[in-house]
Amino acid sequence: MWWLRARRAHTRLPLGFLMFTLLAAIVQDTPLFLPSIWAGGSELVQAVTLVPLVLTSVLFDCLHTRLDAAENTGIRPVRFFDVLLTLGVVVLAVAMGEVIAMATGAASAETLGRNTAFLAGLTLLCGALFGRSAVLVPALWPLIGVLFGMRGAGDPYPWTVLLEPPGTWYASVGALLMLTVGVGAHLLSPNRFARRAA
């Protein structure tokens, strides 16, 4: 399909999924100690929290690869295809997270799908609002959550989403809400990924 070739998704996403899967299988329940301002000192975070950044960064890169002249003047539903690609990435991340959790016994792997959905939605939203320069926002979100999103040791605020343990219903709702908002912004924004960084 011309659209997948234009987005280079047929080459980049398989490599992104391979890296995503290998990292998730390697880190499993490995803890990281990151600095936290509100908790005071350092905060224990599962390393798997950072793994979805690999996939969402590749997705952002694919969505930003455009054929400007053809997409601006064509009648094909390119935005709809972009949304299908994003949702496909999220569905595969959910499935892969469940498979890794079952195969390795790492409970934290169950958060892979939820966190990928949240970051994919944030990627779409920021891309629609700010264009190419927005790639930093999803990449910095886990760090922002650790620095400012802890009420105390092991107690994140609900808005962080990524830091919540597996099975936390409001984190799953938050991820779904962010994905919905991101899809809506991508479909409705007149500039979406066409806007170039200043």
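Trainee: Which residues does T86 touch, once residues up to four places away in sequence are set aside?

Mentor: In this predicted model, T86 touches L59, L63, A120, L124 and L179, where a contact requires heavy atoms within 4.5 Å. T86 itself is found in helix 5, which covers residues 78-104.

Trainee: Why is T86 called buried?

Mentor: The relative accessible area of T86 is 0%, and the word buried is applied under 20%, so T86 meets the criterion.

Trainee: Which other residues of helix 5 are buried?

Mentor: Besides T86, the buried residues of helix 5 include V78, F81, D82, V83, L85, V89 and V90, and further along A93, G97, I100 and A101. When reading such a list, it helps to recall that an α-helix has 3.6 residues a turn, so residues three or four places apart point the same way.

Trainee: How do you know that the length of helix 5 agrees with what its residue count predicts?

Mentor: Helix 5 has 27 residues, which at 1.5 Å a residue should span 39 Å, and the C-alpha atoms at its ends are 38 Å apart, so the two values agree. The helix is followed by G105, whose phi is positive, near 80°.

Trainee: What makes the phi of Q28 and of V161 worth a remark?

Mentor: The background is that most residues other than glycine have a negative phi. Against that, Q28 has a positive phi near 45° and is not a glycine, and V161, likewise not a glycine, has a positive phi of about 60°. Q28 lies in the loop between helix 2 (9-27) and strand 1 (31-35), while V161 is found in the loop between strand 4 and helix 8.

Trainee: Are Q28 and V161 buried, exposed or partly exposed?

Mentor: Q28 has a relative accessible area of 28%, which falls between the 20% limit for buried and the 50% limit for exposed, so Q28 is partly exposed. V161, at 4% relative accessibility, counts as buried because that value is under 20%.

Trainee: Where does T168 lie, and why does T168 count as buried?

Mentor: T168 lies in the loop between strand 4 (155-156) and helix 8, and its relative accessibility of 10% is under the 20% cut-off, so T168 counts as buried. The C-alpha atoms of T168 and P158, which are 10 residues apart along the chain, are separated by 9.6 Å.

Trainee: How many cavities are counted, and what lines the largest cavity?

Mentor: The principle is that rolling a probe the size of a water molecule over the atoms shows where empty space is left. The count comes to 1 cavity of 30 Å³ or more, and the largest cavity holds about 40 Å³ of space. Its lining consists of L53, T56, S57, F60, T123, V135, P138 and A139. Helix 3 (52-64) and helix 7 (136-148) each supply at least two of the lining residues, and helix 3 gives the most, with 4 residues. By class, this lining divides into 5 nonpolar and 3 polar residues, with no charged residue.

Trainee: What makes up the lining of the largest pocket?

Mentor: The largest pocket holds about 310 Å³ of space. Of the 16 residues that line it, L44, V45, Q46, L163 and P165 are the closest to its centre, and the largest share of the lining, 4 residues, comes from strand 2 (residues 42-46). The classes are 9 nonpolar, 5 polar and 2 charged residues.

Trainee: Which elements of the protein have the lowest and the highest mean pLDDT?

Mentor: Helix 4 (residues 68-73) has the lowest mean pLDDT, 52, and helix 8 (residues 169-188) the highest, 94. Over residues 192-198 the pLDDT is below 50, although this stretch has 28 contacts in the model beyond near neighbours in sequence. The protein as a whole averages a pLDDT of 82, with 83% of the residues scoring at least 70.

Trainee: What is the overall make-up of the protein?

Mentor: The secondary structure comes to 8 helices and 4 strands, in the order α-α-β-β-α-α-α-α-α-β-β-α along the sequence. Of the 198 residues, 48% count as buried. Among contacts between residues at least 6 apart in sequence, 71% join residues at least 24 apart.

Definitions and conventions:
Residues are numbered from 1 along each chain as its sequence is written. This is a predicted model: local features need pLDDT of at least 70, side-chain atom pairs count only at pLDDT 80 or more; totals for chains, interfaces and linings use all residues. Side-chain values use heavy atoms; hydrogens and water are left out. pLDDT is the predictor's confidence in each residue, from 0 to 100. Buried means under 20% relative accessible area, exposed over 50%, partly exposed in between (1.4 Å probe, protein chains only). On a 1 Å grid over the protein atoms alone, a cavity is a set of points where a 1.4 Å probe fits but cannot get out, and a pocket is an open set with protein on both sides within 12 Å along at least five of seven lines; lining residues have an atom within 4 Å of a point. Grid points are joined across faces, edges and corners, and a volume is the space filled by probe spheres set on the points. Ala, Val, Leu, Ile, Met, Phe, Trp, Tyr, Cys and Pro count as nonpolar, Asp, Glu, Lys and Arg as charged, and the others, Gly among them, as polar. The expected span of a helix is 1.5 Å times one less than its number of residues.
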